[in-house]
Structure formats: C-alpha cells, structure tokens
Amino acid sequence: MTRPEDDFDAALSGLFDDAAPPAHDPEFTDRVMARLPGAERWRLGLLAAAALAGGAVASVQAAPLVEGMTIVLQDIGTVAAGAVGGQALAMGIASAVALGLTLILSWRELGLRGRVSSPAAFAAGC
Amino acid sequence: MAVPPNAPDADLVAAVVAAGDRRAFGALVVRHQQAVRALLLRLTRHSTLADDLAQETFLKAWTRIGSFRADGSFKAWLCAIAYSEFLMGARKARASQRLADGRAAEPGETSTPPGPGGERVDLDRALAELGEEERTCVVLCYASGLSHSEAAQVTGLPVGTVKSHVSRGRAKLKLWFERKEAA
C-alpha cells in the first residue's frame, strides 16, 4: 500500500518528466565547442620558430661571448674548464640557459591554454 | 589512446584534464546538456536565457575542470556551476531592472514558457508560487534527480535546510494542485 505522500511524489516526478526537458540539441554542443578557447597551435609553432631563430643568431654571436666566458672561466674555474674545455663548458651553459628559457615559455603557453575565461553573456531580459 | 565517447564521466574528465581532450569534453556536453538546460529552464522559465546560461556553464566547466573531484558526481558539479551562473545572472538582471526603474515582473508574465501544453504551464505556475530557494531545491531533487546531499553541494545550503525546502516546496505544490483541482 502506498501512502498519499508517495503518490504525490510519483505524480510530481511524473509532472517534471512530462514537462518535456529540452530535447537533445546537437547545435547546442556545436556552439559550446566553437566557443572553447582554442589550442592555438600556431602560437606554439611561432614560439618554436622564434627559439630556433634566436638559437641561430646566438650561435653567430657566440664566438666573442665564448671567448669572454672562456677568459672568465679560466680565472674562476681553471680546473672545470681544464676538465671539459672552456669553449665546451661555455656552450653548455648557454645551451642550458636557452633550453630553460624555451621550457619556461612552453610551459607558460601550455599552462595558459584552456585557462582563458570567456566574458559572460547574460541576456538582458532575465 | 582516445577515450570513447561512451566512457564513464570520470574517464572523460581525466582525458580533458590530462590532455585537454576536446572530443572527450564534447562527449560530456552531449551527455549532460539536457540536464543542465532543463535545470536552467526550470529556474529561469526562459528558454533562450536558459540556453545562454547553459553555454556559459559548460565554458566555465572547461576552464575549471581541473577542480572537479572524482569522488562526486560530475552532473552535480555541473549543476553547481549552472546554479552559480543562474544566481549571477539573476543578480545582474535585478541590478539592471533597478537601474531601469521598471516594475518587478510577475513570474511567467514576461518570460517565455518552456513550450505548449497545459501540464507544463501548470507546473511552471505552481513553481512560481515557491520561494527561490524552495524552487531551486525542488527542481534539483525532482527535475534533475539529485539527492538531498548533492542538492546541498550545489546550493551551498546545509542538507537539513535542503530537506526542509524540498518538504515545504512539495507541500505548497500539493496544495496548489489540490486547489486547482477543486476549482
């Protein structure tokens, strides 16, 4: 035997069911997907190209830098420089700095991806 | 490896969090759009506005999906965002209404009803008799099928308060329908 409360609960649930929830709308999904912040792959490509260009310029300009660094290294680390060679050590440091910079920029780019919020568009007629 | 669209919510969410998988997110939108839109339609009683808010809900979900905890229901999490969007929208609407110095519209008068059909109109009229929190709790529990504790998470109210709102709202609805039948 069901209680009147249960009957009303069932009737109320039925009313909500019959009140036709909005039909599945593929266009709604399309609209949402179109508004998602893009992956912006072109920016990643641009970043990689900029890193390569920077590396190329740096390699052209590296000789005087390497020479200066070699002198410094000879002064402050003759042992280390002697072990691996001053030029190799300087290039290694420069490469590490460039790599670190690229990683940081890439991480920021990937980290920011998908974190951009869209402005709320609330219809005026609420 | 791509997650199939029929995978459980948790797997789809994991794919979105791990790799920004847009297809997985699309599958979540397909799966939950009806529930979110239905909830907002019941709260706003305005189909275009409900769809606008539902879009904002999913966009917020995309940006905040990393904060979803797998021990809860994804549907309840989405409903919480939707309810927050509804509240923000309602606040803005009230503010602009005050600025325009317009009179407060009776519920259902200026809004577009969800569609033709006496039962739908009746239900909307009956819901309009409830207080805002009562209506929200009734809609969450009866229309969206959330448990009292999930509705409490969505609204930020204590579970006991949600139960009271549902109970009072239910009693008011019952009275409304009884009066209507008697008339």
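How many residues in the lining of the second largest pocket are nonpolar, how many polar and how many charged? I started my notebook with that one, and I got 14 nonpolar, 6 polar and no charged. Note to self: this is a predicted model.

**Entry: the pocket**

I stayed with the second largest pocket and looked up its volume, which is about 430 Å³. Two elements of chain A give two or more residues each to the lining, namely helix 3 (41-76) and helix 5 (86-112). Helix 3 of chain A supplies the largest share, with 12 residues, out of a lining of 20 residues. I also wanted the residues nearest the centre of this pocket, and they are A:G54, A:G55, A:A58, A:A94 and A:A98.

**Entry: the two chains**

Next I checked the fold of each chain. Chain A has 5 helices and 0 strands, and its elements run α-α-α-α-α from the N terminus on. Chain B comes to 8 helices, again with 0 strands, so I wrote its pattern down as α-α-α-α-α-α-α-α.

Then I looked at burial. In chain A, 19% of the 126 residues count as buried. For chain B, I noted 48% of 183 residues. I also looked up how far apart in sequence the contacts of chain B reach: among those with a separation of 6 or more, 59% join residues 24 or more positions apart.

**Entry: A:M33, facing chain B**

I picked A:M33, which sits in helix 2 (residues 26-35) of chain A. Is A:M33 buried or exposed? Its relative accessible area is 18%, and the cut-off for buried is under 20%, so A:M33 counts as buried. I listed what A:M33 touches, leaving out residues up to four places away in sequence, and got B:R22, B:F25, B:G26 and B:V29.

**Entry: B:I65**

B:I65 is in a loop of chain B, the one between helix 3 (47-64) and helix 4 (74-100). I found B:I65 buried, because its relative accessibility is 4%. Beyond four places in sequence, B:I65 touches B:V13, B:V16, B:V17, B:F25, B:L28, B:F74 and B:W77. I took one of these, B:W77, and checked the spacing: B:I65 and B:W77 are 12 residues apart in sequence, and 9.6 Å separates their C-alpha atoms. B:F25 is a name I had already written down, since A:M33 touches B:F25 and B:I65 does too.

**Entry: cysteines**

How many disulfides does a search of the whole structure find? I got 0 over all chains. B:C137 is in no disulfide, and the nearest cysteine sulfur belongs to B:C141, 6.4 Å away. The cut-off for a disulfide is sulfur atoms within 2.5 Å. I looked up burial as well: B:C137 counts as buried because its relative accessibility is 0%, and B:C79 counts as buried at 1%.

**Entry: how far to trust it**

Last, I read off the confidence values. The model scores ipTM 0.75 and pTM 0.63. Chain B averages a pLDDT of 84, and 87% of its residues score at least 70. Within chain B, confidence is highest in helix 3, at 92, and lowest in helix 5 (residues 118-128), at a mean of 76. I flagged residues 103-116 of chain B, where pLDDT stays under 50. For that stretch the model has 19 contacts beyond four places in sequence.

Key. Residues are numbered from 1 along each chain as its sequence is written. Chains are lettered from A and ligands numbered from 1 in the order in which they are written. This is a predicted model: local features need pLDDT of at least 70, side-chain atom pairs count only at pLDDT 80 or more; totals for chains, interfaces and linings use all residues. Side-chain values use heavy atoms; hydrogens and water are left out. On a 1 Å grid over the protein atoms alone, a cavity is a set of points where a 1.4 Å probe fits but cannot get out, and a pocket is an open set with protein on both sides within 12 Å along at least five of seven lines; lining residues have an atom within 4 Å of a point. Grid points are joined across faces, edges and corners, and a volume is the space filled by probe spheres set on the points. Helices (H or I, at least four residues) and strands (E, at least two) are DSSP runs, numbered from the N terminus. Ala, Val, Leu, Ile, Met, Phe, Trp, Tyr, Cys and Pro count as nonpolar, Asp, Glu, Lys and Arg as charged, and the others, Gly among them, as polar. Buried means under 20% relative accessible area, exposed over 50%, partly exposed in between (1.4 Å probe, protein chains only). Contact means heavy atoms within 4.5 Å. pLDDT is the predictor's confidence in each residue, from 0 to 100.
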